[in-house]
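Here is a short briefing to read alongside the sequence and the 3D view. Shall we start with the aromatic rings and then move on to the cysteines?

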Amino acid sequence: QKMPPSLPATINIQEPRWDQSTFQGRAKHFFMVTDPRNLLLSGATLEEARRVVEDYRAGTVHPGLTEDQLWRAKYIYDSAFHPDTGEKMILVGRMSAQVPMNMTITGCMLTFYRTTPAVLFWQWVNQSFNAIVNYTNRSGDAPVTPSQLGTAYVSATTGAVVTALGLKSLTKHLPAIIGRYVPFAAVAAANCINIPLMRQRELKLGIPVTDENGNRLGESTAAAQKAIFQVVVSRIGMAVPAMAIPPVIMNMLEKRAFLKRYPYLNAPLQVGLVGLCLVFATPLCCALFPQKSSMPVSSLEPEVQGQIRKKDPWLETVYFNKGL
């Protein structure tokens, strides 16, 4: 039997498999990154993926390894190990946990929105989960301190609860369907507070900007503002289908005899509908903007422009990692 040809050691597995300059390429990449099935992989499978990836990066190609197997190992490795520290990430903080965790939390927020204790409890649960995700996916280049994490957590939780309770009181005399959208407004408000606070160090000191080849040119606060704005838009976009479509469907179903006869099916139905929306909304909204974002040199702060002009007078565009 003929042995398959050995895989070349020149495939760049530092970058995603698909073209990130197109929405389709970014969507394919994030469907792999957020695949919930990665949560079910055993410790032995994760360690094997780590071994394949680290050996390949060191120039050792395992006999019989195919390109598809290499990319599969890369995405398994990326799903469980921190890109900067190499440590295994907390299970619920991984990107592959986004759909099942958000599905449960959002479904319960949309189901139990009528009483103040329920609103307080589920907004607190949601922001606790967000804090874990933000800490787990922190950048090694700009580490999050415990005080920053605490400030962002308390501020986002307070913002979400105040928004939810304020809107709940305002919508008392409005149609029931309006009240169902209160959790979405609270989540959107919390994202606008949580993400900038979590990344306040970047807003103060800037984030690294590079040329097309990845050569570091300096740190820019203007790039940080653009990066954080894009992440906030993506996070709110993820919540829109999951928090806007199920309330309409549930409002119609609750008027039917079936749900009146079996009221205990309300929460499972709501969670299932939210999950269906999130399976698509999470990767598609992550793909709205390129991970390696760009902006014109002329849009940077004057002092950063000066630094770059000294190094390369003709450079027109800089690149930066927007984060997740």
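In this predicted model, Phe121, Trp122 and Trp124 come together as one aromatic cluster. Across the whole structure, a search turns up five aromatic pairs. The points below look at some of these rings, then at lysines over ring faces, a strand residue and the cysteines.

**Aromatic pairs**

- One of the five pairs is formed by tyrosine 77 and phenylalanine 81, which are stacked, with 5.2 Å from centre to centre and 25 degrees between the planes.
- Both partners of that stacked pair are out of the solvent's way: tyrosine 77 is buried at 8% relative accessibility, and phenylalanine 81 is buried at 1%.
- Phenylalanine 121 and tryptophan 122 also pair, this time edge-to-face, with centres 5.0 Å apart and planes at 80 degrees.
- Within this edge-to-face pair, phenylalanine 121 is partly exposed, with a relative accessible area of 42%, whereas tryptophan 122 is buried at 16%.

**Lysines over tyrosine rings**

- Lysine 74 sits over the face of tyrosine 75, at 5.6 Å from the ring centre.
- Lysine 292 is placed over the face of tyrosine 319, at 5.2 Å from the ring centre.

**Threonine 210 and its surroundings**

- Threonine 210 belongs to strand E1, which spans residues 207–210.
- With a relative accessibility of 15%, threonine 210 counts as buried.
- Leaving aside residues up to four places away in sequence, threonine 210 is in contact with Asn215, Arg216, Leu217, Val318 and Tyr319.
- Tyr319, one of those contacts, is also the tyrosine whose ring face lies under lysine 292.

**Cysteines**

- How many disulfides are there? The count is zero, with a cut-off of 2.5 Å between cysteine sulfur atoms.
- Cysteine 286 is in no disulfide, as the nearest cysteine sulfur, in cysteine 285, is 7.6 Å away.
- Cysteine 286 is also buried, having a relative accessible area of 2%.
- Why does cysteine 108 have no bond to cysteine 277? Their sulfurs are 16 Å apart, which is too far for a bond, and cysteine 277 holds the closest cysteine sulfur to that of cysteine 108.
- Cysteine 108 is buried too, with a relative accessible area of 11%.

How values were computed
Residues numbered from 1 in each chain as written. Predicted model: local features only at pLDDT ≥ 70, side-chain atom pairs only at ≥ 80, totals over all residues. Heavy atoms only, no water. Buried < 20%, exposed > 50% of the residue type's maximum accessible area, 1.4 Å probe, protein only. Phe/Tyr/Trp six-rings, centres within 6.5 Å; stacked < 30°, edge-to-face > 60°. Lys NZ or Arg CZ within 6 Å of the ring centre and 35° of its normal. Helix = DSSP H or I, 4+ residues; strand = E, 2+ residues; numbered from the N terminus. Contact = heavy atoms within 4.5 Å.
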